[in-house]
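Student: I would like to go through this model with you, one question at a time. Could we begin once the sequence and structure are in view?

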Amino acid sequence: MPDYYDAAQRHWDDANHLLSSSRLPNADQLFGLSAECALKAIMLSLGMPMNNGRPADSRKHGHINVLWDEFITFANGKGQAHYAAALGATNPFLHWNVGQRYEHASVVNLQIVTDHKNSAEIAFGCLSQAVVDGVV
């Protein structure tokens, strides 16, 4: 079974290290992955169906650019609207894509990384609340 909680922490720590070294494209990727893992940690605890160690519906519960909105629907469906509300109505990762790891470094600038870092902090706040609530 994946350890999304641990992965979220590792990706967050590494993203911040890369950001402090001005390694923007890789920092941006890891901020997205850390937010994704933070939300998946909550979803797993709330009963997200798994198949061979992966989300059963990986088309919906895949990367953060899609998962952000799916998390809202999932949390609401599990009677956990307060987690969904914490994310807000706008998906800040809509233009983030895991495939950007193959792009030229110029596709990411400091503003994009800062926005994604701030959004990952929101996902971590949601995860922290789930831990306090005893959900995770």
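Student: Which residues does F31 touch, not counting residues up to four places away in sequence?

Tutor: Before answering, note that this is a predicted model, in which local features need pLDDT of at least 70, side-chain atom pairs count only at pLDDT 80 or more, and totals for chains, interfaces and linings use all residues. Residues are numbered from 1 along each chain as its sequence is written, and side-chain values use heavy atoms, with hydrogens and water left out. Contact here means heavy atoms within 4.5 Å. With residues up to four places away set aside, F31 touches W12, A15, N16, L19, F93, V113, H116, K117 and A120.

Student: Which helix gives the most residues to the largest nonpolar core?

Tutor: A nonpolar core is a set of buried Ala, Val, Leu, Ile, Met, Phe, Trp, Tyr and Cys residues joined through side-chain atoms within 4.5 Å, where buried means under 20% relative accessible area, exposed over 50% and partly exposed in between, with a 1.4 Å probe and protein chains only. The largest one has 42 residues, of which F31, L39, I42, W68 and F71 touch the most other members. Helices α1, α2, α3, α4 and α5 each supply at least two residues of this core, the helices being DSSP runs of H or I with at least four residues, numbered from the N terminus. The one that gives the most, with 12 residues, is α2.

Student: Is A27 buried or exposed?

Tutor: A27 is found in helix α2, and, leaving aside neighbours within four places in sequence, A27 is in contact with A15, L18, L19 and V113. Because its relative accessibility is 0%, A27 counts as buried.

Student: How far apart are the end C-alpha atoms of helix α5?

Tutor: The expected span of a helix is 1.5 Å times one less than its number of residues. For the 23 residues of α5, which are residues 110-132, this gives 33 Å, and the distance in the model agrees, at 32 Å.

Student: Which residue caps the N-terminal end of α5?

Tutor: At that end, a side-chain oxygen lies 3.0 Å from the backbone nitrogen of Q111. The residue that contributes this oxygen, and so caps the helix, is N109.

Student: What covers the buried residues of α5?

Tutor: The buried residues of this helix are V113, H116, S119, A120, A123, F124, C126, L127 and A130. What covers them includes α1 (4-20), α2 (24-45), α3 (64-77) and α4 (81-87).

Student: How many salt bridges does the structure hold?

Tutor: A salt bridge is a side-chain nitrogen of Lys or Arg within 4 Å of a carboxyl oxygen of Asp or Glu. R10 forms one with D6, the closest N and O atoms being 3.0 Å apart, and K40 forms one with E36, at 3.3 Å. R10 is partly exposed, with a relative accessible area of 43%, and D6 is partly exposed at 36%, whereas K40 and E36 are buried. The number of salt bridges in the structure is two.

Student: Why is there no bond between the sulfur of C37 and that of C126?

Tutor: A disulfide is a pair of cysteine sulfur atoms within 2.5 Å, and the structure holds zero disulfides. C37 is buried, with a relative accessible area of 8%, and C126 is buried at 2%. The closest cysteine sulfur to that of C37 is the one in C126, and it is too far for a bond because the distance is 14 Å.

Notes. A polar contact is a pair of N or O atoms within 3.5 Å; within protein, one must be able to donate a hydrogen and the other to accept it, and residues adjacent in sequence count only if both atoms are side-chain atoms.
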